[in-house]
Structures are given as structure tokens and as C-alpha cells.
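Trainee: I have the sequence and the model open, and I would like to know how the terms used for it are justified.
Mentor: Then ask about them one at a time.

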Amino acid sequence: MRLWSLHPRYLDRQGLLTCWREALLAQRVLVRPGRGYTNHPQLHRFRAQPDPVAAIGRYLAGLADEADRRGYRFDRGRIEQCAGTAPTIPVTRGQLDHERRHLAAKLADRNPDRAVLLPAVVSPHPSFVVVAGPVEDWERAAPR
């Protein structure tokens with residue numbers, strides 16, 4: 001599971017669709033605990049929020065906004081809770097830099113034209129706010 005911290009505008013079509021699908025799975029785990037990847041490290045930051053379902057809903061809404069911008073139609077009816085009620089989640093600059101490198105490697109293989117457009121410093125997904133720090137602890141714990 002990869003719930004990107006970077007803004008979805010950097011993802012290619014495949015990355016955006018996959019992130020949407022993975023985030024829907026994450027939402028299902030948060031709504032109905034005990035099913036799916038219940039202990040997946042990337043869920044920690046959503047579980048740590050006062051309302052985890054609202055937090056993942058806001059995340060999904062950000063992906064749907066990017067899909068709309070590209071002319072895709074993601075079914076917003078699949079989002080459990082109205083987005084916009086959850087506070088932003090801190091993400092470290094080290095995490096964003098790590099994800100940028102990870103995405104650059106993926107794009108170099110499957111979409112080289114898009115890879116060259118990836119900026120050196122990326123912005124976060126609208127659900128996140130950047131803070132100073134290294135790669136997140138949950139990332140280091142994630143299965144490779």
C-alpha cells in the first residue's frame with residue numbers, strides 16, 4: 001500500500017488510479033477494523049487523527065479533485081465522510097523527499113516523459129502540511 005504524501009498532480013495516470021484504490025482500501029480498514037491491512041504502517045498517521053475516517057476522507061477528496069482536473073471521474077460517493085472536516089496532518093520534508101525519489105524511480109520505468117517533469121522539491125497532498133524532519137518512522141517500518 002502506498003498512500004502518497006506528495007501532491008497527486010505528480011502521479012501519472014497509473015499512480016493516481018492505484019493511489020485511489022489503495023486509499024479506498026485504507027478507508028475500509030479504518031471504518032471496519034479487523035479487515036485488510038489493519039497494521040499497515042502507512043495507516044498510523046490517519047489512525048493518529050481525532051477522526052481517522054474524516055482524515056482518510058479528506059485524503060480521498062484530494063485525489064478526486066486531481067482526477068477531476070484531469071477529466072477522470074472518481075466516484076466521490078465511495079468516500080465515507082465529507083472531506084474538509086479533518087485537520088491537516090504533518091509530514092516531514094524528509095518523507096516528501098523520500099517519496100519523490102521513489103516516484104522518480106517508478107516513473108523512469110513506466111513513464112519517462114513524466115519523470116523528467118518531476119520537480120526537485122515536491123509539494124504535499126492537500127491533506128498534509130510540511131514540517132522539518134527525516135523520513136517518517138512508519139516508512140522505515142513499511143514492508144518493501
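Trainee: How many residues of each class, nonpolar, polar and charged, does the lining of the largest pocket have?
Mentor: This is a predicted model. In the lining of its largest pocket there are three nonpolar, four polar and four charged residues. The residues concerned are M1, R2, W4, Q14, G15, T18, C19, E22, H102, K106 and R110.

Trainee: What makes G15 polar in that count?
Mentor: The classes place Gly among the polar residues, and G15 belongs to the lining of the largest pocket.

Trainee: Which element gives the largest share of that lining?
Mentor: Helix α1 does, with five residues. Both α1 (13–31) and α4 supply at least two lining residues each. The space in this pocket is about 190 Å³.

Trainee: What makes up the lining of the second largest pocket?
Mentor: R21, L24, L25, Q27, R28, V31, R32, R78 and E80 line the second largest pocket. By class they divide into three nonpolar, one polar and five charged. About 170 Å³ of space lies in this pocket.

Trainee: Back at the largest pocket, how do you know that R2 lies over the face of W4?
Mentor: R2 is 5.3 Å from the ring centre of W4. The distance limit for a charge over a ring is 6 Å, with a further limit of 35 degrees from the ring normal. R2 is counted as lying over the face of W4.

Trainee: How many aromatic pairs does a search of the whole structure find?
Mentor: The search finds four aromatic pairs. One of them is formed by F46 and F128, with 6.3 Å from centre to centre and 65° between the planes.

Trainee: Why is the pair of F46 and F128 called edge-to-face?
Mentor: Rings pair if their centres lie within 6.5 Å, and planes over 60 degrees apart count as edge-to-face. At 6.3 Å and 65°, F46 and F128 form an edge-to-face pair. The pair links distant parts of the chain: F46 is in helix α2 (residues 44–47) and F128 in strand β2 (residues 128–131), 82 residues apart.

Trainee: Are F46 and F128 buried or exposed?
Mentor: Both F46 and F128 are buried.

Trainee: Why is the pair of Y59 and F128 edge-to-face?
Mentor: The ring centres of Y59 and F128 are 6.1 Å apart and their planes stand at 65°, so this pair is edge-to-face. It also joins distant parts of the chain, with Y59 in helix α3 (residues 52–70) and F128 in strand β2, 69 residues apart. Ring pairs link F46, Y59 and F128 into a cluster.

Trainee: What makes Y59 count as buried?
Mentor: Buried means under 20% relative accessible area. Y59 has 0%, so Y59 is buried. F128, at 4%, is buried as well.

Trainee: Is V121 buried or exposed, and how do you know?
Mentor: Exposed means over 50% relative accessible area. V121 has 58%, so V121 is exposed. V121 lies in the loop between α5 (112–115) and β2. From V121 to G57 the C-alpha distance is 26 Å, and the two are 64 residues apart in sequence.

Trainee: What makes G62 buried?
Mentor: G62 is a residue of helix α3. Its relative accessible area is 8%, so G62 counts as buried. The C-alpha atoms of G62 and D75 are separated by 13 Å, with their positions 13 residues apart along the chain.

Trainee: Why is P8 called buried?
Mentor: P8 has 0% relative accessibility, so P8 counts as buried. P8 is found in the segment before α1. A23, in helix α1, is also buried, with a relative accessible area of 0%.

Trainee: How do you know that the span of α4 agrees with its number of residues?
Mentor: At 1.5 Å a residue, the 18 residues of α4 (residues 93–110) should span 26 Å. The end C-alpha atoms are 26 Å apart, so the two values agree. Among the buried residues of α4 are L96, L103 and L107.

Trainee: How does the reach of α3 compare with what is expected?
Mentor: α3 has 19 residues and reaches 28 Å from its first C-alpha to its last, close to the expected 27 Å. G71 follows α3, and the phi of G71 is positive, near 90°.

Methods. Residues numbered from 1 in each chain as written. Predicted model: local features only at pLDDT ≥ 70, side-chain atom pairs only at ≥ 80, totals over all residues. Heavy atoms only, no water. Helix = DSSP H or I, 4+ residues; strand = E, 2+ residues; numbered from the N terminus. Expected span 1.5 Å × (residues − 1). Buried < 20%, exposed > 50% of the residue type's maximum accessible area, 1.4 Å probe, protein only. 1 Å grid on protein atoms, 1.4 Å probe; cavity = no way out; pocket = protein on both sides within 12 Å on 5 of 7 lines; lining within 4 Å. Points joined across faces, edges and corners; volume = space filled by probe spheres on them. Phe/Tyr/Trp six-rings, centres within 6.5 Å; stacked < 30°, edge-to-face > 60°.
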